[in-house]
Amino acid sequence: MLLSTRKPKAPADFQSAIGVEGWKSHDAIITTILGQLAARIDGDDASAKKFLANAEGKLDEKAYPCRAVMYLRGDLDEAALLKLATDDDTPTEALWYLGFDLLLRGKKDQALEYFKWAKEKVAQTSTPYWLSMAELERLAGC
């Protein structure tokens, strides 16, 4: 996955994917989140903000991952995001989004707790599981 490889072209690839799939696809929400995170990894705050700004009003706001977009925009805090995670899959997603955001804000210890939780509790076929595993491995080498 592009995000876990830390390749510099990842934000552009995520932006291209939105152009191909369109804003109404479920993948557009995930692509927006991952593109924003990839831009932050690259230190490109302007592109990170652009991912979120371009998505405003175009995504299915009832879909849970859109709540993560709202969190990343600053419209929801951590407690509100977790409170909205009410079915079997959304707590997993919420914790991964929070973990990655915390990591990018320099809160490595808090992020590690979320990634470790995902390693132990999340289905091994899920994207949050594999992204968490990649981050745990990367952080172990630091």
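This is a short tour of the structure above, one selection at a time.

**Stop 1: the whole protein**

Keep in mind that the model is predicted. Show the whole chain as a cartoon. You should find 9 helices and 0 strands. Walk from the N terminus, and the elements read α-α-α-α-α-α-α-α-α.

Now switch on the surface. The accessible surface comes to about 7,600 Å². Carbon and sulfur atoms account for 50% of that surface. The protein has 142 residues, and 44% of them count as buried.

How much of the contact network joins residues at least 24 apart? Take the contacts between residues at least 6 apart in sequence: 53% of them join residues at least 24 apart.

**Stop 2: the nonpolar core**

Hide the surface. Select I29, I33, L59, W96 and F115. These residues have the most contacts inside the largest nonpolar core, which has 38 residues. Several helices feed this core. α2 (10-21), α3 (26-41), α4 (45-55), α5 (64-73), α7, α8 (108-121) and α9 (127-140) each supply at least two residues. Which helix gives the most? The answer is α7, with 8 residues.

Stay on I33 for a moment. Leave aside its neighbours within four places in sequence. I33 is then in contact with P65, A68, V69, L72 and Y97.

**Stop 3: the aromatic cluster**

Select W96, Y97, F100 and F115. Together they form one aromatic cluster. The structure holds 3 aromatic pairs. Start with W96 and Y97, whose rings meet edge-to-face. Their centres are 5.9 Å apart, with 75° between the planes. Are these two residues buried or exposed? W96 counts as buried because its relative accessibility is 3%, under the 20% cut-off. Y97 is buried too, with a relative accessible area of 6%.

Next, look at W96 and F100. This pair is tilted, at 5.1 Å centre to centre and 40° between the planes. Both residues are buried. Both lie in helix α7, 4 residues apart, which is about one turn of the helix. An α-helix has 3.6 residues a turn, so residues three or four places apart point the same way.

**Stop 4: D101**

Stay in α7, which covers residues 90-104, and select D101. D101 is buried, with a relative accessible area of 6%. What does its side chain meet? A polar contact of 2.6 Å joins it to the side chain of Y71. Draw that distance in your viewer. Beyond neighbours within four places in sequence, D101 is in contact with R40, Y71 and L72.

**Stop 5: T32**

Move to helix α3 and select T32. T32 has a relative accessible area of 0%, so it is buried. Now show what surrounds T32. Neighbours within four places in sequence aside, T32 is in contact with I18, W23, F51, L52, A55, L59 and V69.

**Stop 6: the two faces of α4**

F51, L52 and A55 lead to the next stop. Along with A48, they are the buried residues of α4. Look down the helix axis. These residues cover an arc of only 85° around the axis, so they sit on the same side of α4.

Which exposed residues lie on the face turned away from that buried side? Select A46, K49 and K50 to see them. Colour the two groups in separate shades.

**Stop 7: the loop after α4**

Follow the chain out of α4. Just after the helix, G57 takes a positive phi of about 80°. Then select K58, in the loop between α4 and α5. K58 counts as partly exposed because its relative accessibility, 34%, lies between the 20% and 50% cut-offs.

What does the side chain of K58 find? One of its polar atoms lies 2.9 Å from the backbone oxygen of N54. Now select K24 as well. K24 and K58 are 34 residues apart along the chain, yet their C-alpha atoms are separated by 7.1 Å. Leaving aside neighbours within four places in sequence, K58 is in contact with W23 and K24. W23 has appeared before: it is among the contacts of T32.

Methods
Residues are numbered from 1 along each chain as its sequence is written. This is a predicted model: local features need pLDDT of at least 70, side-chain atom pairs count only at pLDDT 80 or more; totals for chains, interfaces and linings use all residues. Side-chain values use heavy atoms; hydrogens and water are left out. Buried means under 20% relative accessible area, exposed over 50%, partly exposed in between (1.4 Å probe, protein chains only). A polar contact is a pair of N or O atoms within 3.5 Å; within protein, one must be able to donate a hydrogen and the other to accept it, and residues adjacent in sequence count only if both atoms are side-chain atoms. Contact means heavy atoms within 4.5 Å. A nonpolar core is a set of buried Ala, Val, Leu, Ile, Met, Phe, Trp, Tyr and Cys residues joined through side-chain atoms within 4.5 Å. The arc is that of the directions from the helix axis to the C-beta atoms. Accessible areas come from the Shrake-Rupley method with a 1.4 Å probe; for residues, only the protein chains shown count as cover. Rings of Phe, Tyr and Trp (its six-membered ring) pair if their centres lie within 6.5 Å; planes under 30 degrees apart count as stacked, over 60 as edge-to-face and the rest as tilted.
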